[in-house]
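Me: Got a minute to walk through a fold with me? I'd like to start with the sheet and then look at what packs on it.

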Amino acid sequence: MKIIRPEKSFRVKTDGFYGDFYRASHNSYTGKALIAFGGSAGTKQINRLLAGSFCDAGMDVMVIEYHGQEGLPKDLQNQPVETVELAAKWLKGAGYRKIG
């Protein structure tokens, strides 16, 4: 597994959510993208490995973070669903028809 760099990064202050978008070099799923996020111990490096696995399989992926970053809750309670919603809206605006 390799660590890859995002094509585009998002920050709460400017975009409303914290995340990174990764585009597969060979897209096997045209018009489809995945939203992924790690668990409570997730780190940026783990998220890049996760994104690398999906991109290796030909899937574009948006990896979001929902706690522990600037502008996000520090705790794992009462997480706002808007984080996923905003990421999905960006993907829709980028032309993705199916988002999972």
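What follows is a chat about the sheet and the helices of this predicted model.

Me: OK, how many strands are in the sheet, and in what order?

Reply: It's an open sheet of 5 strands, ordered 1-2-4-3-5, and the pairing is mixed.

Me: Which strands stand at the edges?

Reply: Strand 1 (8–10) and strand 5 do. Each has a single partner strand, so one side of each is left without a neighbour in the sheet.

Me: Strand 2 and strand 4, parallel or antiparallel?

Reply: Strand 2 and strand 4 run antiparallel, with 5 bridges joining them. For a register check, Y18 stands opposite E65 in strand 4.

Me: And what about strand 3, how is that joined to strand 4?

Reply: By 4 bridges, and strand 3 and strand 4 run parallel. There, L34 stands opposite V61 in strand 4. Strand 3 also runs parallel to strand 5, with 2 bridges between them, and A33 sits opposite I99 in strand 5.

Me: How many residues of strand 3 are buried?

Reply: 4 of the 5, so strand 3 is largely enclosed by the rest of the structure.

Me: Switching to helices. What's the span of helix 3?

Reply: Helix 3 covers residues 82–93, so to speak 12 residues, and reaches 16 Å from its first C-alpha to its last. That is close to the 16 Å expected at 1.5 Å a residue.

Me: Which of its residues are buried?

Reply: In helix 3, T83, A87 and L91 are buried. Looking down the axis, the buried residues of helix 3 fall within an arc of 70°, so they line one face of the helix.

Me: What's on the other side of helix 3?

Reply: K89, K92 and G93, which are exposed.

Me: And what do the buried ones pack against?

Reply: The buried residues of helix 3 pack against strand 2 (18–22), strand 3 (32–36), strand 4 (60–65) and strand 5 (98–99).

Me: What follows helix 3?

Reply: G95 comes after helix 3, and its phi is positive, near 100°.

Me: Back to the sheet for a sec. Remind me how strand 2 and strand 4 run?

Reply: Antiparallel, joined by 5 bridges. Helix 2 (residues 44–56) packs on the sheet too, touching strand 2, strand 3 and strand 4, and its direction makes about 160° with that of strand 4.

Me: What angle does helix 3 make with strand 4?

Reply: About 155° between their directions. As a whole, helix 3 touches strand 1, strand 2, strand 3, strand 4 and strand 5.

Conventions
Residues are numbered from 1 along each chain as its sequence is written. This is a predicted model: local features need pLDDT of at least 70, side-chain atom pairs count only at pLDDT 80 or more; totals for chains, interfaces and linings use all residues. Side-chain values use heavy atoms; hydrogens and water are left out. The expected span of a helix is 1.5 Å times one less than its number of residues. Buried means under 20% relative accessible area, exposed over 50%, partly exposed in between (1.4 Å probe, protein chains only). The arc is that of the directions from the helix axis to the C-beta atoms. Contact means heavy atoms within 4.5 Å. Two strands pair if DSSP finds at least two bridges between them. Axes are lines fitted to C-alpha atoms, for helices over the stretch in contact, and angles run from 0 to 180 degrees between N-to-C directions.
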